[in-house]
Amino acid sequence: MMLKSLYMRSKQLTTFKHIIIILLFLGLLLGLRWVWSENFSSAAFTPAVNGVLDLRGWKMDRTSTVPLDGEWQFYPGKLISHQDVPLEANDVRTVQVPGDWSEALSKEAGSSLGYGTYRLRILVDPLEGPAGFWFKGIQSTSGVEINGIAESNMGTPAENANAYTPKYVSYTATYSVEGTKEIELLIRVANFEDPYNGGILDSIRFGSQAAIDYVRWYSIGFQLVTFMVLLLHG
C-alpha cells in the first residue's frame with residue numbers, strides 16, 4: 001500500500017509539473033505577442049478612401065509605421081504603369097486592401113485567378129528622408145512602381161500562366177526624393193496559382209526607411225525566438 005501511495009503521489013507531481021511547464025510555455029508565447037503588439041501598434045489614422053490616403057500631419061520617425069489599408073483603386077485585367085493611368089480612367093474600380101480580389105477581378109464567381117493593378121495615392125508632408133514600404137502577402141507575384149520609378153519584381157507578373165513566374169515572398173522598397181508631397185504607389189499583381197485567394201492579402205506597411213527596417217527585422221527576430229522556444233519544448 002505504501003509503495004502504491006508513493007507511486008500515485010509521484011505520478012501526481014509529474015502531472016503537476018507538466019501542467020506548470022505548459023502554462024509557462026503559453027505565458028511566454030502570449031508575452032512575446034503582447035510585446036510585439038505594444039511595440040508595433042499603429043497610431044490612429046483614417047483608412048484610404050477611393051484610392052487616396054491622407055497622412056499629412058503624421059510625423060515619420062525611426063520606429064512607427066502605418067498600414068496602407070482601405071479603398072484602393074484597381075484596374076482588373078490590366079498591368080499598367082504611371083503613364084497609362086489617365087488612359088485607363090474608365091476601367092478603374094475600388095477594392096478593399098487587404099482582402100481577396102475575386103469580386104473585383106474575375107468574371108467567374110468565386111475565382112481569384114487573373115491579374116490586375118492596384119493604385120494608391122499617399123499624401124504626406126514634404127519628405128525629409130527616405131520613405132520605405134514593406135510588402136507582404138501578395139498572391140502570387142508582383143511588381144511595384146513608385147511615382148513612375150519601377151522597383152524590382154517579385155517573380156514575373158504577366159497576362160497568362162505560361163509567361164509569368166510566381167514568387168510569394170515579403171520584400172521592401174524605398175523612395176528617397178526629398179520634398180515629395182504625394183506618392184503614387186502602383187502594384188501590378190498576377191495570380192495563376194490559387195483559385196481561392198488572390199491580390200493583396202496582408203497589410204502593406206509604410207514609414208521612414210529606418211522604421212521599416214526596424215519593424216521588419218524585429219519581426220524576423222521574434223519569429224526566430226518563437227521557433228527556438230517551440231524547438232526546445234519539442
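**Salt bridges, strands and core of the predicted model**

A search of the whole structure turns up seven salt bridges. The structure is a predicted model, and these charged pairs offer a convenient way into it. As a reminder, side chains of opposite charge can pair when their charged atoms come close.

One of the salt bridges joins Lys59 to Glu128, with the closest N and O atoms 3.6 Å apart. This pair links distant parts of the chain: Lys59 sits in the loop between β1 (52–54) and β2, Glu128 sits in the loop between β5 and β6, and the two are 69 residues apart. Lys59 has a relative accessible area of 57%, above the 50% cut-off, and is therefore exposed. Glu128, at 66% relative accessibility, passes that cut-off too and so counts as exposed.

Lys59 and Glu128 also appear at the largest pocket, which holds about 310 Å³ of space. Of the 16 residues that line this pocket, the closest to its centre are Lys59, Met60, Leu127, Glu128 and Gly129. Sorted by class, the lining comprises eight nonpolar, three polar and five charged residues.

A further salt bridge is formed by Lys78 and Asp91, whose closest N and O atoms are 3.7 Å apart. Both residues lie in the loop between β3 and β4, 13 residues apart. Lys78 has a relative accessibility of 25% and Asp91 one of 36%; because these values fall between the 20% and 50% cut-offs, both residues count as partly exposed.

What is the setting of Arg188 and Glu145, buried or exposed? Both are buried, and they form a salt bridge with the closest N and O atoms 3.1 Å apart. Arg188 belongs to strand β11 and Glu145 to strand β8, so to speak a link between distant parts of the chain, 43 residues apart. Elsewhere, salt bridges that share partners join Lys78, Glu88 and Asp91 into one network.

The Arg188–Glu145 pair leads on to strand β11 itself, which spans residues 182–191. Nine of its ten residues are buried, so the strand is largely enclosed by the rest of the structure. Strand β5 (residues 114–123) runs antiparallel to β11 and is joined to it by ten bridges. Within this pairing, Gly116 stands opposite Val189 of β11. Strand β8 (residues 141–146) is likewise antiparallel to β11, with six bridges between them. Here Glu145 stands opposite Leu186, while the side chain of Glu145 makes its salt bridge with Arg188.

Strand β11 also features in the nonpolar interior. In soluble globular proteins, nonpolar side chains tend to be buried together. In this model, the largest nonpolar core has 35 residues, and those with the most contacts inside it are Leu68, Trp72, Tyr118, Phe135, Ile187 and Phe206. At least two core residues each come from β3 (70–76), β4 (93–97), α2 (102–105), β5, β6 (131–135), β8, β10 (171–175) and β11. The largest share, four residues, is supplied by β11.

Another set of strands makes up an open sheet. Its four strands follow the order β2-β13-β6-β10, with antiparallel pairing. Strands β2 (66–67) and β10 are the edge strands, each pairing on one side only. Two bridges connect β2 with strand β13 (residues 205–208) in the antiparallel sense. The bridge partner of Pro67 in β13 is Arg205.

A few backbone details deserve a look when browsing the model. Most residues other than glycine have a negative phi, and most peptide bonds are trans. The peptide bond from Val97 to Pro98 is cis, with omega near 0 degrees, and Pro98 is placed in the loop between β4 and α2. Gln139 and Ser140 are also joined by a cis peptide bond, with omega about 0 degrees; Ser140 is found in the loop between β7 (138–139) and β8.

Positive phi values turn up as well. Asn50, in the loop between α1 (2–40) and β1, has a phi near 50 degrees. This residue is partly exposed, with a relative accessible area of 45%. Asn147, in the loop between β8 and β9 (149–150), has a positive phi of about 50 degrees although it is not a glycine. Asn147 is partly exposed, its relative accessible area being 25%.

Key: Residues are numbered from 1 along each chain as its sequence is written. This is a predicted model: local features need pLDDT of at least 70, side-chain atom pairs count only at pLDDT 80 or more; totals for chains, interfaces and linings use all residues. Side-chain values use heavy atoms; hydrogens and water are left out. On a 1 Å grid over the protein atoms alone, a cavity is a set of points where a 1.4 Å probe fits but cannot get out, and a pocket is an open set with protein on both sides within 12 Å along at least five of seven lines; lining residues have an atom within 4 Å of a point. Grid points are joined across faces, edges and corners, and a volume is the space filled by probe spheres set on the points. Ala, Val, Leu, Ile, Met, Phe, Trp, Tyr, Cys and Pro count as nonpolar, Asp, Glu, Lys and Arg as charged, and the others, Gly among them, as polar. Buried means under 20% relative accessible area, exposed over 50%, partly exposed in between (1.4 Å probe, protein chains only). Two strands pair if DSSP finds at least two bridges between them. A nonpolar core is a set of buried Ala, Val, Leu, Ile, Met, Phe, Trp, Tyr and Cys residues joined through side-chain atoms within 4.5 Å. A salt bridge is a side-chain nitrogen of Lys or Arg within 4 Å of a carboxyl oxygen of Asp or Glu.
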